[in-house]
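Q: Could you take me through one part of this model in close detail? I would like to see how a single helix is packed, and what surrounds it.

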Amino acid sequence: MKIGVLGAGQLGRMLALAGYPLAKDFVFYDMSGNPSAGIGETIVDPEGTRLGDFLSQVDRVTYEFEHLPVEVASELEKHKPVHPCPRALEVCQNREAEKTLFGQLGIPTPKWQVADNAATLKAAAKSLGCPVVAKSITEGYDGKGQAVLRSPEEAEQAWQSIGHPRVIVEKFVDFRREVSIIAVRGEDGDVAFYPMAENTHHEGILRYSIAPAPDLQPHIQADAEGYIKALLNELNYVGVLTLELFETKDGLMANEMAPRVHNSGHWTIEGAMTSQFENHVRAVSGHPLGNVSARGLSCMINIIGEHGDIERILELPYAHLHLYNKGERPGRKLGHVNVLADSYEELVWRVKNCAEFLPGCPDFISSLTAKG
């Protein structure tokens, strides 16, 4: 089976690496003109003239990046199975549509309003009560297209900095920590849920993911599974879906979803019985899903901007290095390290030790380190 992947970045690269042992071949379709997968066959098509060529080479289509034209996925769906469905792509590209769907399915979200100019942004900030977060309704990711308003008077500056015609304005959430749940749904409707991860961001980019999330109450995992299952079934979804959440004193609150394999699931490569990448390949190929149980305790460390002392990291017996074959550039995701341990205490020590070899890596701050 040949799987076509819309996008040609590191997520596609890891999908292919997981799919080759299952005798899958991969063809990547890149519209950016700057592919980085470095594996399989890549069709580079910024002008959008080679879609037919791509279609002729593949049996099924998936995607590794949600910021691509929905009409491309919809056109492909007329000819070949496309998983996840283009509707999932459409919903996640529009924060207003996404929050509306969450509300319809009973998934809690922060209070929100939509603004289409600086004046309505100021009014929304007053109505919701500051601080609020203003986000572009489309095209934002990794902290881009966002601004925090600590008073309504900051609306004009925030509006100019975001630079989009419509923004969603959300009441700031007083959260204990950021968490995520990753689930996978097969063509037959079978659903499997990975243990939730605790995530630490720095300057809008994920830096650490601990899984299973420490001190997680069973009802929190159950609530998250209920929310993401509602999304999977509503969308008749096939493949891996990620739901990012805030854990508050009153329970979970949804932030956003990602219709693809996700950075906060990279720990599954060594840390789970079946990685998110293999399970996505299984799902879109029509195969049974693999075991999603954790093998132990894991922490993923993102490598951002600079590679650091790779040789020292390779010497660490508990560290598993994954490089994306990219050149260094500020803010660029170059790879990640999965650190494994038998206890959370041991995990903290190992993560801190590994992070010392990554220049610019922020301090490892989590619910584990907050205890002492």
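A: Happy to; here is a close look at helix 1 and its surroundings, followed by a shorter look at a second sheet.

A word on conventions comes before the details. This is a predicted model, in which local features need pLDDT of at least 70 and side-chain atom pairs count only at pLDDT 80 or more, while totals for chains, interfaces and linings use all residues. Residues are numbered from 1 along each chain as its sequence is written, and side-chain values use heavy atoms, with hydrogens and water left out.

The domain assignment of the protein chain gives domain 1 (2–82), domain 2 (111–171) and domain 3 (175–356); such bounds come from an automatic or database assignment. The C-alpha centres of domain 2 and domain 3 are 29 Å apart.

Helices (H or I, at least four residues) and strands (E, at least two) are DSSP runs, numbered from the N terminus. Helix 1 is largely enclosed by the rest of the structure, because 9 of its 10 residues are buried. Buried here means under 20% relative accessible area, with exposed over 50% and partly exposed in between (1.4 Å probe, protein chains only). The buried residues of helix 1 are Q10, L11, G12, R13, M14, L15, A16, A18 and G19. They pack against strand 1, strand 2, helix 9 (268–271), helix 10, strand 16 (319–323) and strand 17 (333–341), where contact means heavy atoms within 4.5 Å.

Let us take the helix neighbour next. The axes of helix 1 (residues 10–19) and helix 10 (residues 276–285) come within 8 Å and cross at roughly 75°. That makes helix 1 roughly perpendicular to helix 10. Angles of 65 to 115 degrees count as roughly perpendicular, under 35 as roughly parallel, over 145 as roughly antiparallel and the rest as oblique. Axes are lines fitted to C-alpha atoms, for helices over the stretch in contact, and angles run from 0 to 180 degrees between N-to-C directions. From helix 1, L11, M14, L15, A18 and G19 meet F277, E278, H280 and V281 of helix 10. By class, this contact has 6 nonpolar, 2 polar and 1 charged residues. Nonpolar covers Ala, Val, Leu, Ile, Met, Phe, Trp, Tyr, Cys and Pro; charged covers Asp, Glu, Lys and Arg; the others, Gly among them, are polar.

Now for the sheet beside these helices. Its 4 strands form an open sheet in the order 3-2-1-4, with parallel pairing; two strands pair if DSSP finds at least two bridges between them. Strand 3 (41–44) and strand 4 (60–63) are the edge strands, each pairing on one side only. The twist averages 25° from one strand to the next. Strand 2 (residues 25–30) pairs with strand 3 over 4 bridges, and D30 stands opposite V44 in strand 3. Helix 1 lies across strand 1 (2–6) and strand 2, running at about 170° to strand 2. Helix 10 lies across strand 1, strand 2 and strand 4, at about 145° to strand 4.

Finally, the second sheet. This open sheet of 4 strands has the order 5-8-6-7 and antiparallel pairing. Strand 6 (residues 132–136) pairs with strand 8 (residues 167–171) over 5 bridges, and with strand 7 over 4 bridges. K135 has I168 as its bridge partner in strand 8 and stands opposite Q146 in strand 7. Strand 6 is mostly covered, with 5 of its 5 residues buried.
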